[in-house]
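Student: I would like a close look at a single part of this protein, taken slowly, and then a word on the empty space elsewhere in the fold. Could you walk me through it in one connected answer?

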Amino acid sequence: MFEVIIAAAEKHKTEYHKEFPLSSVTSFKTGGPAALYVLPSGRDALADILTACRAQKVRFCIIGNGSNLLISDDGFPGVVIRIGPAFSQVQYHGDGIVTCDAGVSVTGLCNFALKHALTGLEFAFGIPGTAGGAAYMNAGAYGGEMKDVLLACEHIAPDGSFGTFSGDELALGYRKSVYTDSDYVITGLRLHLQPGEPSAIRAAMDDKMSRRKAKQPLEYPSAGSTFKRPEGYFAGALIEECGLKGFTVGGAQVSEKHAGFVINKAGATTTDILNLIHAVQERVYAQKGVHLETEVKYIG
């Protein structure tokens, strides 16, 4: 079933593995294997592999750092394509314009901005994902969002062609973009930052990281904030008010440090985490009349 896809990978000297354990590349550290796991060696390789998947009608999914994913305990029966080391270039073009590949880590991008005395990305320092993932979901924290700095994204369209969305075409909203739930695959970003004082940028980055460490359970596997912020509320506050801080299902727990985080406390399975999420949603709706939507993307 995967022969054509493997042939496309081998044509581009692309690394691939059969029955690859996805728990090793996701931040929750749960989930079963991918039938085929591929690390494209560049944009042309990615385009050909995507075309092969579509031609063979094989399911595929795209991942970066695996920091916002929950993988089924049964794994994924298709192809998991990771935007990895081959997509790791960052460049400064002057006048505040930075371009980067989709596989660059958000923290690495923030450090690059600091190196070039550019401000605007401090809010993102410590977000455990890739630049492509941050653009895909318009990641944000501490009053900032990717839409504040993102000018354009390069992508591979469903027909295999290369293209770009910019400005309003990006349709950036709360935890969404034009790419959310679409068949376009982000390959690169173009950002506009502002000149800044390195010491002030460093201080702001350190402040954000200190706040994360103080308030978030970074010592346990998780996918960051589990739930989207309901309009007019804060998910963590609602969960805590419902007496669910520390609530446990199997090895999964609502963090005792921050109720908005579900953590893998002790050898949790994906089923444990899903059951815990559903229990939290039911309790909050019953007591508060608010439906909590997940930020975490389930793959199975």
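Tutor: What follows looks at one helix and then at a pocket and a cavity. Please keep in mind that this is a predicted model.

Helix α5 runs over residues 198–215, and at 1.5 Å a residue its 18 residues should span 26 Å, which agrees with its end C-alpha atoms being 26 Å apart. Within α5, the residues I201, M205, K208 and R212 are buried, and because these buried residues fall within an arc of 60 degrees when seen down the axis of α5, they line one face of the helix. The partners of that buried set are α3 (106–115), β8 (118–119) and β9 (140–141), against which the buried residues of α5 pack. On the other side of α5, by contrast, K213 and A214 are exposed.

Turning to the empty space, the second largest pocket holds about 150 Å³. Its lining has 13 residues, and T99, C100, E154, G188 and L189 are those that lie nearest the centre of the pocket. At least two lining residues come from each of β6 (90–92), β7 (97–101), β11 (150–156) and β13 (185–192), and by class the lining of this pocket divides into 5 nonpolar, 5 polar and 3 charged residues.

The structure also holds 1 cavity of 30 Å³ or more. The largest cavity contains about 30 Å³ of space and is lined by L22, V25, T26, C61, I63, I71, V80 and I299, a lining with 7 nonpolar residues, 1 polar residue and no charged ones.

Terms used: Residues numbered from 1 in each chain as written. Predicted model: local features only at pLDDT ≥ 70, side-chain atom pairs only at ≥ 80, totals over all residues. Heavy atoms only, no water. Helix = DSSP H or I, 4+ residues; strand = E, 2+ residues; numbered from the N terminus. Expected span 1.5 Å × (residues − 1). Buried < 20%, exposed > 50% of the residue type's maximum accessible area, 1.4 Å probe, protein only. Arc of directions from axis to C-beta. Contact = heavy atoms within 4.5 Å. 1 Å grid on protein atoms, 1.4 Å probe; cavity = no way out; pocket = protein on both sides within 12 Å on 5 of 7 lines; lining within 4 Å. Points joined across faces, edges and corners; volume = space filled by probe spheres on them. Nonpolar A, V, L, I, M, F, W, Y, C, P; charged D, E, K, R; others polar.
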